[in-house]
Amino acid sequence: MALYGAAAAVLEGLERGDGGLKSLVYNSGFPHVRQLYALVSETLRYGPVLEKLLADAALLQAEKKLPAPLAKVLVYDLLFGKGLKCGGRWKALARRHRARLEAELARLKVQRGVSSNEELLAPAQAASSGAPQVPRYVRVNTLKTCVDDVVEFFKRQGYSYLGKAASVEELRALSGKKFLLDLHLPELLVFPPQTDFHDNLLYTSGHIILQDKASCLPAVLLGPAAGSHIIDACAAPGNKTSHLAAILKNKGRIFAFDVDTKRLATMNTLLTRAGVTASRLAQRDFLTVEPGDPAYSRVTHLLLDPSCSGSGMVTRGPGAEAAPSAERLRALAGFQRKALSHALRFPALRRLVYSTCSLRREENEDVVQAALREHGSAFRLVNAFPAWPCRGVAAAFPGAEGCLRASPAATLTQGFFVAVLERRGEGAAAPSSLPAAAEENAQHGTEPEAAPRKRKRQRGKE
Ligand code: SAM
């Protein structure tokens, strides 16, 4: 029997409950058991994605004689595997639908805001891995709509609105078709975990953005006033850029850089869908962007969200924290330190947010401490969002609690880290998008100034 037929037979056997994967593979009579095992387990891993692609491309309707398990195996190998190296007549059949399937795959990636095949797997793997569950957070895109209209839309779709949450526990208790307004962020709605809005009209039209609560903190804490010039140094796929554009009301300019062409292409589609007009995308290594270039002479705010180990992402499942090797961690931290130091060289810079989705101190507090050692005479660490319950690791350096941390257990979000740095002295920029009194200035990790200023922030005040 040929490889694809054997793999489809194993899938059918699994569905009928004839046995486990290994025994079905070994009893299949197929001579190359390792090859068969690898193909079936990969097809299973991509199962939910393959089902979606088959449905979106209407392949089974077009090819009535093609059994679903065989279709899954073929589409897996065509799009994610070896590109249909075997297969005889099935190969010809699958190739006839190649363009359509590839288009559906590209559409799915745009819908989910991801650029790699692996990233498509994350939600499905989280559901089956026993990883801690965080709610489905929905950021209302105020460039296109407002919270009240979105709430009404979901109510018409049969969801019950419970108003503003009073505690994280209330968010944790959400179930069924109920939703809340977040207790910290005024444009964030909260639904039970696993609620899927990827096909929802509000999502596909860019009225809502599916973004974890912790990942909304950087733009909110940067809080630029409308009209500001901003650099988003490592920007793709652009959720934070679109959030910044919403805070700016599209007035001002966001210079968005990323080295990865594919991720930038996805970002371009996402930003267009979200109605972002204030951004200027460029494929650049941020380290080569010249701070003295007159193009950036008005840049007062900078968001640095560099590549990191991703150890805070609960969707990667238990054990993910152990993943980065010492060598990889060193390389990541080396880049993060360089990028933060480079960012602090922009002459008009007043406020900077550094963030990662890593839990590792080497990528977080240690990077901030190194920057303060180098630039502490010009920049201070802000004690950001004092009401936020989870703080930086105090043992890292005096005042590291000024940083924010986030985790599924403490804040019911992905694991995350945020630090806010502000230029000392005249003209420090205050966030325009935070609730009043959401932060204090702090003198951390550097020589104290004579009299630390404490200011009450006002909404909309720069
Ligand atoms: N801020 C993004 C968002 O919210 O959608 C996520 C950014 S992701 C954590 C890190 C990004 O940094 C990746 O897209 C990666 O390609 C980019 N990157 C890595 N090295 C870079 C460099 N030297 N210059 C610019 N971008 C870089």
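Sort the shell around the ligand by class and you get 9 nonpolar, 3 polar and 7 charged residues. Here Ala, Val, Leu, Ile, Met, Phe, Trp, Tyr, Cys and Pro count as nonpolar, Asp, Glu, Lys and Arg as charged, and the others, Gly among them, as polar. Before going on, note that this is a predicted model, where local features need pLDDT of at least 70, side-chain atom pairs count only at pLDDT 80 or more, and totals for chains, interfaces and linings use all residues. Residues are numbered from 1 along each chain as its sequence is written, and side-chain values use heavy atoms, with hydrogens and water left out.

Let's stay with the ligand. It has 19 residues around it (a residue counts if one of its heavy atoms lies within 4 Å). Asp258, Arg263, Asp285, Phe286 and Asp305 come nearest. Phe286 turns up again when you look at polar atoms: one of its polar backbone atoms is 2.8 Å from a nitrogen atom of the ligand. Cys234 also has a polar backbone atom 3.1 Å from a ligand nitrogen, while at Asn239 a polar backbone atom sits 3.1 Å from a ligand oxygen. On its own the ligand has 600 Å² of accessible area, and the protein covers 87% of that (Shrake-Rupley method, 1.4 Å probe).

Now find helix H13, residues 213-222. Helices are DSSP runs of H or I with at least four residues, strands are runs of E with at least two, and both are numbered from the N terminus. H13 is mostly covered, with 10 of its 10 residues buried. Buried means under 20% relative accessible area, using a 1.4 Å probe and protein chains only. At the N-terminal end, Asp212 acts as a cap: a side-chain oxygen lies 3.1 Å from the backbone nitrogen of Ala214. Just past the helix, Gly223 takes a positive phi of about 50°.

Finally, look at strand S13, residues 416-423. Since 7 of its 8 residues are buried, S13 is largely enclosed by the rest of the structure. Which strands pair with it? Strands pair if DSSP finds at least two bridges between them. S10 (residues 351-356) is joined to S13 by 6 bridges and runs antiparallel to it; here Leu352 has Leu421 as its bridge partner. S11 (residues 379-384) is also antiparallel to S13, with 3 bridges, and Arg380 stands opposite Glu422. S12 (residues 404-406) pairs with S13 in the antiparallel sense over 3 bridges, with Leu404 opposite Val418.

Terms used
A polar contact is a pair of N or O atoms within 3.5 Å; within protein, one must be able to donate a hydrogen and the other to accept it, and residues adjacent in sequence count only if both atoms are side-chain atoms. Buried means under 20% relative accessible area, exposed over 50%, partly exposed in between (1.4 Å probe, protein chains only).
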